[in-house]
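Reader: Before any classification is accepted, its grounds should be set out. Please show the model, and then let us take the terms in turn.

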Amino acid sequence: MAPPPPQTPTPVIPREAWEGCSVLLDINDGDRLAFFRLTPGATVKIGDKSCSLQPLLGRPFGSLFRVGPDGLVPCAATDASSQDDKPRGGGAGGQAQDETRDNRSLVDNNTAQTLSSEDIEAMKREGASGDAIVEALIANSSTFGNKTVFSQEKYKLKKQKKYAPKVLLRRPTSRSICETYFKKYPARIGFMRVDALSLLLSMANVGAYSDVLAVDMVGGLVVGAVAERLGGTGYVCSTYLGSAPSSIDIIRMYNLSSDMTSRIFQAPLGDLCSLQSVGDAPSVLSGSIQCDVVEPAAVPDESLQSSPAKPINTTVSDGNAQSMTVQPINMEVPEPATDDHLNQGDISMSDCKGSNGNSVAPKAPRAGKAPSPEMMKYWGEHGFSSLIVAAPGHEVESVLADLLPLLSYSAPFAIYHQYLQPLATCMHSLQASKMAIGLQITEPWLREYQVLPSRTHPHMQMNAFGGYVLSGIRIHKPDP
């Protein structure tokens with residue numbers, strides 16, 4: 001009896017932050033989101049204080065820190081429980097108190113607070129914590145007791161963000177990375193929203209042991225999301241036009257293992273098409289087509305701001321039109337005046353060692369190496385199992401004539417574009433050439449609802465645009 005084939009071990013993702021990994025710091029409950037690399041000299045500036053990131057080493061993702069006199073200090077479990085035990089304005093007692101008081105008699109003339117700035121600075125010099133300063137401000141406010149419960153909570157939250165900021169340690173994932181870029185630098189990812197990214201992966205049927213062909217002109221966001229979903233079981237090939245490969249620098253933030261990184265390849269479209277018989281189809285490689293050059297997506301600086309991640313709720317209908325609903329994020333964050341401090345939160349992917357002295361990723365293979373001739377031959381004979389195109393700066397219709405023959409028959413594909421017209425033109429060409437079936441253009445839908453006691457309504461200020469996705473299934477083109 002032949003022995004069973006060896007199975008690939010599932011990569012173990014560490015639950016704690018290690019030295020050299022990329023982390024996402026959520027400051028003040030989504031007011032700021034910053035990417036960092038946990039190097040020995042990494043620091044984050046919160047307010048007027050520069051804090052070292054060394055206390056984050058060995059802490060599990062999801063840990064909460066507060067800014068103390070000596071830097072970042074882990075919040076005790078009792079701090080979170082005490083916050084939950086405080087009475088909220090939604091209870092019966094809070095509603096009864098709100099009925100007897102309102103804010104009509106309150107006048108903002110800067111005389112309600114008797115605690116001066118000199119007193120606050122003196123408390124800081126004496127080593128008072130931020131929570132103690134907030135309690136002192138509340139005790140010395142002459143109008144705090146006359147405010148409604150909702151206004152009191154709003155006042156506490158405002159003072160806490162200023163004098164007692166909290167830092168949440170988050171793991172960089174496809175969702176959090178996409179939300180951060182869409183918040184601060186949407187043009188670098190082609191204005192792709194997180195629900196559009198999830199729809200791309202779903203419509204392209206990206207799963208374990210898939211061979212995915214990707215045209216990623218959005219900085220590597222799509223390639224990283226595909227590699228994350230594959231989990232080290234399949235392969236993803238990022239193709240490009242011309243001789244210069246597209247930038248996929250965003251992959252450095254995903255903390256992919258060496259095995260997952262080694263399964264990411266980059267190959268020019270000309271080399272892939274040379275293994276296939278394109279037939280009489282017009283090729284974009286043989287003609288002279290001018291394409292807009294998309295600048296590489298740089299790593300966002302430490303002043304990136306976004307909102308906290310929320311659970312995704314997806315709903316896909318069975319009809320012709322498909323929709324996806326995701327709880328979105330608050331988009332009201334001011335834009336910084338300059339980008340002179342890009343290096344503050346820049347992520348450098350140099351080799352590093354873990355806190356226990358063992359090498360975490362010693363000279364891990366760089367993502368995007370050239371595939372081997374055996375792999376190219378296999379793809380040429382069997383084709384890819386999925387195709388994802390995210391190239392807002394290129395003519396999708398002209399490139400698709402070379403991409404579809406690279407797929408195996410009955411393989412799904414999904415194309416993203418910021419605007420509807422290029423996808424509509426591409427859809428008409430596919431229908432006329434009879435190269436695909438099941439064609440449909442989907443516009444993702446995203447809306448956030450505010451759910452509070454006795455009041456539930458959608459947010460008034462939201463981002464109503466998330467791009468469009470053209471999906472279909474490649475079929476055999478009949479001979480003329």
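Reader: How many helices and strands make up the secondary structure of the chain?
Author: The model is a predicted one, and its chain has 13 helices and 18 strands. Of the 480 residues in the chain, 44% are buried. Among contacts in the chain with a separation of 6 or more, 74% join residues 24 or more positions apart.

Reader: Why is Cys 51 called buried?
Author: The relative accessibility of Cys 51 is 1%. Buried means under 20%, so Cys 51 qualifies.

Reader: What makes Cys 75 count as buried?
Author: Cys 75 has a relative accessibility of 17%. The cut-off is under 20%, and Cys 75 therefore counts as buried.

Reader: How many disulfides does a search of the whole structure find?
Author: The search finds zero disulfides. A disulfide would require a pair of cysteine sulfur atoms within 2.5 Å.

Reader: Why are α12 and α13 called oblique to each other?
Author: Helix α12, residues 396–403, packs against helix α13, residues 420–433, at an angle of about 40 degrees, and their axes are 9 Å apart. Angles under 35 degrees count as roughly parallel, and 65 to 115 as roughly perpendicular. An angle of about 40 degrees belongs to neither class, so the pair is oblique. The crossing of α12 past α13 is right-handed.

Reader: Which residues make the contact?
Author: From α12 come Val 396, Glu 397 and Leu 400, and from α13 Thr 425, Cys 426, Ser 429 and Leu 430. These contact residues comprise four nonpolar, two polar and one charged.

Terms used. Residues are numbered from 1 along each chain as its sequence is written. This is a predicted model: local features need pLDDT of at least 70, side-chain atom pairs count only at pLDDT 80 or more; totals for chains, interfaces and linings use all residues. Side-chain values use heavy atoms; hydrogens and water are left out. Buried means under 20% relative accessible area, exposed over 50%, partly exposed in between (1.4 Å probe, protein chains only). Axes are lines fitted to C-alpha atoms, for helices over the stretch in contact, and angles run from 0 to 180 degrees between N-to-C directions. Helices (H or I, at least four residues) and strands (E, at least two) are DSSP runs, numbered from the N terminus. Angles under 35 degrees count as roughly parallel, over 145 as roughly antiparallel, 65 to 115 as roughly perpendicular and the rest as oblique. A crossing is left-handed if the near helix is turned anticlockwise from the far one by less than a right angle, and right-handed if clockwise. Contact means heavy atoms within 4.5 Å. Ala, Val, Leu, Ile, Met, Phe, Trp, Tyr, Cys and Pro count as nonpolar, Asp, Glu, Lys and Arg as charged, and the others, Gly among them, as polar.
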